[in-house]
Amino acid sequence: MTERYLSVTEVAQLLGISTAAVSAYRLPEPDATIGRTRGWKRQTIETWNAARPGRGVGGGRPRSRS
């Protein structure tokens with residue numbers, strides 16, 4: 001059976017974000033590396049994403065109370 005790994009572009013599609021935004025994230029260690037190309041198993045990314053803090057957790061600019 002052939003193992004399938006997600007590229008950065010595919011990770012971005014899975015998360016619903018741009019590939020540029022993926023570069024700002026601290027992704028888990030890749031499951032495979034070929035040269036400088038990284039690859040992740042779908043389960044690795046799904047587990048990592050489920051454990052990330054939610055949007056707005058831990059700070060950010062306070063909302064105005066107008």
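Helix axes are lines fitted to C-alpha atoms over the stretch in contact, and the angles between them run from 0 to 180 degrees between N-to-C directions. The exercises below apply this to a predicted model.

**Exercise 1. The overall layout**

Determine how many helices and strands the protein has, and in which order the elements run from the N terminus.

Solution. Counting the elements gives three helices and two strands. Read from the N terminus on, these elements follow the order α-α-β-β-α. Turning to accessibility, 17% of the 66 residues of the protein count as buried. As for contacts between residues at least 6 apart in sequence, 48% of them join residues at least 24 apart.

**Exercise 2. The crossing of helix 1 and helix 3**

Describe how helix 1 and helix 3 are placed relative to each other, starting from the axes and their crossing angle, and then list the residues that meet.

Solution. Two packed helices are described by the angle between their axes and the distance between the axes. Step one is to take both values for this pair: the axes of helix 1 (residues 8-15) and helix 3 come within 11 Å and cross at roughly 45 degrees. Step two is to classify the angle, and this value makes helix 1 oblique to helix 3, because an angle under 35 degrees would count as roughly parallel and one of 65 to 115 as roughly perpendicular. Step three concerns handedness, and here the crossing of helix 1 past helix 3 is right-handed.

Step four is to list the residues of the contact: on the side of helix 1 these are Val11, Leu14 and Leu15, and they meet Arg42, Ile45, Glu46, Trp48 and Asn49 on the side of helix 3. Sorted by class, the contact of helix 1 with helix 3 has five nonpolar residues, one polar residue and two charged residues.

**Exercise 3. Leu15 and Arg42 at the contact**

For Leu15 and Arg42, find which residues they touch beyond their neighbours within four places in sequence.

Solution. Begin with Leu15, which lies in helix 1. Once neighbours within four places in sequence are left aside, Leu15 is in contact with Tyr25, Ile45, Trp48 and Asn49. With Asn49, the separation along the sequence is 34 residues, while the C-alpha to C-alpha distance from Leu15 is 8.1 Å.

Continue with Arg42, which belongs to helix 3. When residues up to four places away in sequence are not counted, Arg42 touches Leu6 and Leu14. Arg42 and Val11 are 31 residues apart along the chain, and their C-alpha atoms are separated by 8.2 Å.

**Exercise 4. The salt bridges**

Identify how many salt bridges the structure holds, and characterise the partners of each.

Solution. Side chains of opposite charge can pair when their charged atoms come close. The structure holds two salt bridges, and they can be treated in turn.

One salt bridge joins the side chains of Arg42 and Glu46, with an N to O distance of 2.9 Å. Both partners belong to helix 3 (residues 42-51), and because they are four residues apart there, about one helical turn separates Arg42 from Glu46. Arg42 is partly exposed at a relative accessible area of 46%, and Glu46 is likewise partly exposed, at 34%.

The other salt bridge joins the side chains of Glu10 and Arg4, with an N to O distance of 2.4 Å. Glu10 counts as partly exposed, since its relative accessibility is 23% and the cut-off for buried is under 20%. Arg4 counts as exposed, since its relative accessibility is 53% and the cut-off for exposed is over 50%.

**Exercise 5. The surroundings of Arg4**

Locate Arg4 in the chain, and state which residues it contacts beyond its neighbours within four places in sequence.

Solution. Arg4 lies in the segment before helix 1. Leaving aside neighbours within four places in sequence, the contacts of Arg4 are Glu10, Trp40 and Lys41. A further distance relates Arg4 to Gly39: these residues are 35 apart in sequence, and 8.7 Å apart in space from C-alpha to C-alpha.

**Exercise 6. Ala20 in helix 2**

Decide whether Ala20 is buried or exposed.

Solution. First place the residue: Ala20 is in helix 2 (residues 19-24). Its relative accessibility is 54%, so Ala20 counts as exposed. Ala20 is also twelve residues from Val8 in sequence, with a C-alpha to C-alpha distance of 9.5 Å.

Definitions and conventions. Residues are numbered from 1 along each chain as its sequence is written. This is a predicted model: local features need pLDDT of at least 70, side-chain atom pairs count only at pLDDT 80 or more; totals for chains, interfaces and linings use all residues. Side-chain values use heavy atoms; hydrogens and water are left out. A salt bridge is a side-chain nitrogen of Lys or Arg within 4 Å of a carboxyl oxygen of Asp or Glu. Buried means under 20% relative accessible area, exposed over 50%, partly exposed in between (1.4 Å probe, protein chains only). Angles under 35 degrees count as roughly parallel, over 145 as roughly antiparallel, 65 to 115 as roughly perpendicular and the rest as oblique. A crossing is left-handed if the near helix is turned anticlockwise from the far one by less than a right angle, and right-handed if clockwise. Contact means heavy atoms within 4.5 Å. Ala, Val, Leu, Ile, Met, Phe, Trp, Tyr, Cys and Pro count as nonpolar, Asp, Glu, Lys and Arg as charged, and the others, Gly among them, as polar.
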